Amino acid sequence: MRAIETRFGATRVHRGVDLEVRRGEALGLVGGSGSGKSVLLSVISLLKAPSAGELALFGERLDSAMDEATLIPVRRRIGVMFQQGALFSSLTVLENVMLPLSEHSDLPATLVEEFARLKIALVGLPAAAAERYPRELSGGMLKRAGVARALALDPELLLLDEPSAGLDPVSAAELDALLNTLRHALGLTLVLVTHDLDSLFTVTDRVAYLGQGRVLAVAPATELSESREPEIARYFGNARAARFRAPGGG
Ligand SMILES: Nc1ncnc2c1ncn2[C@@H]1O[C@H](COP(=O)(O)OP(=O)(O)OP(=O)(O)O)[C@@H](O)[C@H]1O
């Protein structure tokens with residue numbers, strides 16, 4: 001993407017974001033609260049149209065004038081796990097994972113169910129979890145179910161908004177390990193927003209720092225965390241301090 005600008009009414013969120021995500025890489029997105037990380041995921045997943053700039057996905061330039069029918073097949077190649085509302089609480093895990101498949105494919109119902117069960121197994125959930133409702137799952141299992149749903153349509157690009165938020169350090173580390181495994185097994189490209197330094201260091205190849213409406217730097221996590229740019233240095237200083245404050249963290 002080049003020179004992407006995004007606004008909500010008079011509020012400008014992005015003032016010229018330049019960012020390239022390489023096929024097969026895991027890219028982390030960090031930045032202060034309200035810097036527009038989540039909105040950037042919405043732009044990449046074609047849910048929020050930028051007000052200016054150029055966006056290309058899978059090598060194809062997307063035009064703001066494109067109609068919904070043109071965007072649907074592109075959207076299908078992108079799996080998204082958003083921070084909130086990961087799963088429908090009134091549906092079982094199986095029904096949640098089946099939903100994208102029954103909505104966006106012509107597969108017969110028996111195959112839809114079979115594929116959904118495969119995805120549930122793929123994320124390391126026990127088979128019995130399929131019949132459970134979200135409220136009956138632990139935090140770690142919920143996230144896995146969210147990943148299973150995001151993978152329902154075999155996306156090439158997986159976008160994750162703070163996947164390990166709210167998890168204890170052990171579950172968070174297990175989720176990071178799962179993301180690494182899935183990424184390599186399925187050849188996925190990952191873009192993840194995270195405040196979790198462990199995730200940043202164990203999952204990502206490069207990290208983009210979003211600030212002042214732009215990407216201020218892109219570099220491997222180790223490099224970026226040693227940046228002398230004041231805003232970035234402050235961010236990593238605070239993130240390290242937060243680790244020691246977090247219960248069970250550090
Ligand atoms: N639907 C919306 N309508 C109006 N403003 C919005 C909307 N969604 C986001 N914004 C604004 O866009 C800005 C960026 O929000 P965004 O959620 O992307 O930040 P973030 O970097 O993900 O923050 P955090 O780390 O706190 O989750 C914020 O100022 C927010 O208030």
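These are my notebook entries on a sheet, a ligand shell and a helix pair in this structure.

**Entry 1: the model**
I am working with a predicted model.

**Entry 2: the sheet**
I began with the strands and asked in what order they lie in the sheet. The order I found is β2-β1-β4-β5, in an open sheet of four strands with antiparallel pairing. I then looked up the edges: β2 and β5 (60-62) stand there, and each has a single partner strand, so one side of each has no neighbour in the sheet. From one strand to the next, the twist averages 35 degrees.

**Entry 3: the partners of β1**
Next I followed strand β1, residues 2-8. With strand β4 (residues 52-57) I noted antiparallel pairing over two bridges, and here Glu5 stands opposite Ala52 in β4. With β2, the antiparallel pairing runs over five bridges. I found Phe8 opposite Thr11 in β2.

The link between β1 and β2 was worth a look as well. The two strands form a hairpin with two residues between them. In that turn I checked Gly9, and its phi is positive, at about 60 degrees.

**Entry 4: around the ligand**
My next question was which residues are around the ligand. I listed Phe8, Thr11 and Val13, then Gly31, and then the run Ser33, Gly34, Ser35, Gly36, Lys37, Ser38 and Val39. Happily, two names came back from the previous entry: Phe8 and Thr11, which stand opposite each other across the β1 and β2 pairing, are both part of this shell.

I also asked which element gives the most to the shell. That is α1, with three residues. Both β2 (11-17) and α1 (37-44) supply at least two residues each. By class, I noted seven polar, three nonpolar and one charged residues in the shell.

**Entry 5: α3 against α4**
Last, I turned to helix α3 (residues 93-104) and helix α4 (residues 109-122). Their axes come within 9 Å and cross at roughly 120 degrees. How do the two helices lie to each other, given that angle? I put them down as oblique, because 65 to 115 degrees is the range for roughly perpendicular and over 145 is needed for roughly antiparallel. The crossing of α3 past α4 is right-handed.

For the contact, I wrote down Val93, Leu94, Val97, Met98, Leu101 and Ser102 on the α3 side. They meet Val112, Glu113, Phe115, Ala116, Arg117, Lys119 and Ile120 in α4. Sorted by class, the residues of this contact are nine nonpolar, one polar and three charged.

Note on methods
Residues numbered from 1 in each chain as written. Predicted model: local features only at pLDDT ≥ 70, side-chain atom pairs only at ≥ 80, totals over all residues. Near = placed C-beta within 6 Å. Nonpolar A, V, L, I, M, F, W, Y, C, P; charged D, E, K, R; others polar. Axes fitted to C-alpha atoms, helices over the stretch in contact; angles between N-to-C directions. Parallel < 35°, antiparallel > 145°, perpendicular 65-115°, else oblique. Left-handed = near helix turned anticlockwise from the far one by under 90°. Contact = placed C-beta atoms within 7 Å. Pairing = 2+ DSSP bridges.
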